[in-house]
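Colleague: Could you walk me through the charged pairs and the DNA contacts here?

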Number of protein chains: 2
Amino acid sequence: MTESPVPHEPPIYRRIADTLRNRILSGELRDGDRLPGENALMAEYGVARATARQALAVLINEGLAVPRRGSGVYVRLFRPIRRHGSRRLSRQQWSQGRAIWDADTRGRPYTVDEIHVERVPASEAVARLLDTDDVWIRRRRYSIDKRPVQLATSHFPADLVEGTAITAIDTGPGGVYARLGELGYSPVHFTEEVRARMPTPQEANLLKLPAGTPVIVICRTAYTTGGMPVELNEMILDSASYVLQYDFDA
Amino acid sequence: MTESPVPHEPPIYRRIADTLRNRILSGELRDGDRLPGENALMAEYGVARATARQALAVLINEGLAVPRRGSGVYVRLFRPIRRHGSRRLSRQQWSQGRAIWDADTRGRPYTVDEIHVERVPASEAVARLLDTDDVWIRRRRYSIDKRPVQLATSHFPADLVEGTAITAIDTGPGGVYARLGELGYSPVHFTEEVRARMPTPQEANLLKLPAGTPVIVICRTAYTTGGMPVELNEMILDSASYVLQYDFDA
DNA sequence: AAGTGGTCTAGACCACCAC
DNA sequence: TGGTGGTCTAGACCACTTC
């Protein structure tokens, strides 16, 4: 009880984390560089193992570093894909047999897997939005350079698409929007709701997300000229892989 | 001591976190409810303190729970504000109150503080975008119901706005866009780039963000009819407080 | 084989909060 | 005053990566 050193001194692990963060943000430590490991921090700062771990956990949870088992902790890299909100859905895109996804990748090869198509009862929110009890849903996962970057789940009113290629694994040239057009329900207007949050463990697993990586959730509704909603597409994006771009006039 | 480990079995703290998460997602534990504390988990599962803490840390870093010192760990709430990006002429036709994520904050007043206005050298990226060496920047913080929800930093080409009210704390009626209009540089077109990431400690502090809360970063560029960029506005949004909405046509 | 991160135990003292 | 979360120590065993 001789003195109270400084009223609000940050704890040790915070100060260790702060100095490491500064070394990253200043550029001294670059993408992919190895950070001092637990043992190095224990020696350098004279702290216990758990304290060194706690300091590294701060950076990992901030998304600045990624741990590699048996190897070390490394500075994380950020190489985003630019996703255009408005341009990508221009009518000529899908009316000419091109998939929407092509607009994003600029020639980089992408793959689709984990495809599931099924008819299910609509959730309360989806039922309200699409004004239907049952929906056909199409789930899939997109990867670029073998890295998963996006999960998507499209919902269609069941009565509308029953018996069409939209309920098949392969939807044919132009994809589901071309099929909707053939039914007389071409989407002409879109609303996108965008959120960000931490992923569920399932999402983190499917997207192979390291700790400290949020996901961007885009919920897009497609409308016909009559204002009828015909598709609800929920997309889960790895936030470290994406930049969204929207253009509009005053 | 412990049972011989079974291959692929998740660690104890994960299983504890999983059961707690299920109780939250199933609705058994609701917004604001108190979770079992460290002592309760130690007793219930027969684990050490650090293990119980680790389980709670998982939920906290997922943004599902918030710790309150001396009180307990509580289920977190999500009450978003709806932020409309593009407000098109057809908006009335399309947006008929149907939205996946409800936003009940319409009309609530916001306050502005932490205002800083200064002339500084432009960073490399800003200099390239605004084609200028110096910029006037306007920083401020927005709060709703006394809760900080957004930080914003506007950048203007210094030569363009030097000597105008844009360089003053109070920009006058209509704000900076009205002033730009008087200069003959009315913004008519906007581009928004949207990202998500974990906040820096400074951002977390200014926005009073609990752990596990990402921020949404919006970088908006305003262009004149001539295509000249006249403002660059970087906004940092509390992701737990916002839903972005964009409307556009095919 | 040596080093690394991953998990876990069993203690300790502290600041803060509610009763 | 007792319970809560916040920080920290000093060990331990494990799985994995690298050499």
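**Salt bridges and DNA contacts**

Modeller: A network of salt bridges links Asp18(A), Arg21(A) and Glu62(A), a salt bridge being a side-chain nitrogen of Lys or Arg within 4 Å of a carboxyl oxygen of Asp or Glu. This is a predicted model, in which local features need pLDDT of at least 70 and side-chain atom pairs count only at pLDDT 80 or more, while totals for chains, interfaces and linings use all residues. Residues are numbered from 1 along each chain as its sequence is written, chains are lettered from A and ligands numbered from 1 in the order in which they are written, and side-chain values use heavy atoms, with hydrogens and water left out.

Colleague: How many salt bridges does the structure hold over all chains?

Modeller: Over all chains there are 30 salt bridges. One of them pairs Arg82(A) with Glu193(B), with 2.9 Å between the closest N and O atoms. This pair joins two chains, because Arg82(A) lies in strand 3 (residues 81-84) of chain A and Glu193(B) in strand 7 (residues 189-197) of chain B; strands here are DSSP runs of E, at least two residues, and helices are runs of H or I, at least four residues, numbered from the N terminus.

Colleague: Is Glu193(B) buried or exposed?

Modeller: Glu193(B) counts as buried at 19% relative accessibility, whereas Arg82(A), at 28%, counts as partly exposed. Buried means under 20% relative accessible area, exposed over 50%, and partly exposed in between, using a 1.4 Å probe and protein chains only. Glu193(B) also meets Arg195(B) in a salt bridge of 3.3 Å, N to O, and Arg195(B) is partly exposed with a relative accessible area of 25%.

Colleague: Switching to the DNA, which residues are closest to strand D?

Modeller: The closest are Ile12(A), Ala48(A), Thr51(A), Asn39(B) and Arg53(B), among 25 residues that surround DNA strand D, where near means that a heavy atom of the residue lies within 4 Å. Of the atoms of DNA strand D that come within 4 Å of the protein, sugar and phosphate account for 73%.

Colleague: And what lies 2.6 Å from a phosphate oxygen of that strand?

Modeller: That is a polar side-chain atom of Thr51(A), while for Ala48(A) a polar backbone atom is 2.8 Å from a phosphate oxygen of DNA strand D. From chain B, a polar side-chain atom of Arg53(B) lies 3.5 Å from a phosphate oxygen of DNA strand D.

Colleague: Which element gives the largest share of that surface?

Modeller: Helix 3 of chain A does, with 4 residues of the surface near DNA strand D.

Note on methods:
A polar contact is a pair of N or O atoms within 3.5 Å; within protein, one must be able to donate a hydrogen and the other to accept it, and residues adjacent in sequence count only if both atoms are side-chain atoms.
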